[in-house]
Amino acid sequence: MNLSALHRVFFRRYAMEDSVDYFLAALFEMLKTRPYRDITVSALCSAVGLSRNTFYKYFRNKDGLLEQMAERLWVAFQETMPPSQDLDSSLLHYFEFCYSLKELVEALVRNNLVQPLNQWNERFIRCIQPVEADGGADIDPASLGMMHHFISSGCVRLVEDWCRTGFAETPAHMAGLASCVVEGVFARTYTLRLDGQDAIGRSI
C-alpha cells in the first residue's frame, strides 16, 4: 500500500508490519472520499488484502479503529513533543501537530468523528496541573477533572472551527487562543506533567 505524506508522518515510528497499521491507513484513505457510515469491514479488508478474521483479531468492530487511532495520535504527539514542556510551547506543539495531520483532522471533522481528537487531547490537557504551593491543593479531584474536561472540549472545538475555516489562522494564533482558555480556568501557577517530568508554567 502506498502511503501519503499524512501516513508517513503518522506511521513514522511503525514499519507497517502490523496489520493494525494497514487497516488504519486504509481507513484514512477511504475517509477522504466517502462517509464513515458507508465504510464497511469488508471494504477495509479488501483494501489491505486481509481477511475479516484478521480484522476481528484486532478490533471488535469498525469503531475499534477509531480507538486505536486515538492511541496512535497520543503516542505520536508525545514523541514529537519539544524538549521544553512549558505550557505555551506545549499548546503550540498541539496545534502544529493538528496542522501536520490536517487531512486526517478534516476527514474526522467532516464525518463528525471527533472522539479520537477528544481522547488524546484530554490525555494531554490532564497533564496540566495547578501548583500546590500556589493554592492548587485546594482543588478537589472531581472539580479538577471537570476543569480539565472543559479545557479539553474548548481546545477540540477550536480545532474543529479552525478546520472549517480551512486552517486559515497560524498554529501560533490558535495556541494563543487556547492559552486564554487555560488562563481563564487556572488563575494560578500551573505545571505541565508529561511522562513524569515537570515544567513550571507562568503565574497568572
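Biologist: What makes the length of helix 9 (residues 141-164) agree with its number of residues?

Modeller: In this predicted model, helix 9 has 24 residues, and at 1.5 Å a residue, with the expected span taken as 1.5 Å times one less than the number of residues, the helix should span 34 Å. Its end C-alpha atoms are 35 Å apart, so the two values agree.

Biologist: What follows helix 9, and what is the sign of its phi?

Modeller: Helix 9 is followed by Gly166, whose phi is positive, near 75°.

Biologist: Why does His93 count as buried?

Modeller: The relative accessibility of His93 is 7%, and buried means under 20%, so His93 counts as buried. His93 has its place in helix 6, which covers residues 87-100.

Biologist: Which residues does His93 touch, leaving aside those up to four places away in sequence?

Modeller: With those set aside, His93 touches Phe77, Thr80, Met81 and Pro82.

Biologist: What makes the pairing of the side chains of His93 and Thr80 a polar contact?

Modeller: The side chains of His93 and Thr80 are joined at 3.1 Å, and a polar contact requires a pair of N or O atoms within 3.5 Å, so this pair is counted as a polar contact.

Biologist: How many helices and strands does the chain have, and how much of the chain is buried?

Modeller: The chain has ten helices and three strands, and from the N terminus on its elements run α-α-α-α-α-α-α-α-β-α-α-β-β. Of the 204 residues in the chain, 49% are buried.

Terms used:
Residues are numbered from 1 along each chain as its sequence is written. This is a predicted model: local features need pLDDT of at least 70, side-chain atom pairs count only at pLDDT 80 or more; totals for chains, interfaces and linings use all residues. Side-chain values use heavy atoms; hydrogens and water are left out. Helices (H or I, at least four residues) and strands (E, at least two) are DSSP runs, numbered from the N terminus. Buried means under 20% relative accessible area, exposed over 50%, partly exposed in between (1.4 Å probe, protein chains only). A polar contact is a pair of N or O atoms within 3.5 Å; within protein, one must be able to donate a hydrogen and the other to accept it, and residues adjacent in sequence count only if both atoms are side-chain atoms. Contact means heavy atoms within 4.5 Å.
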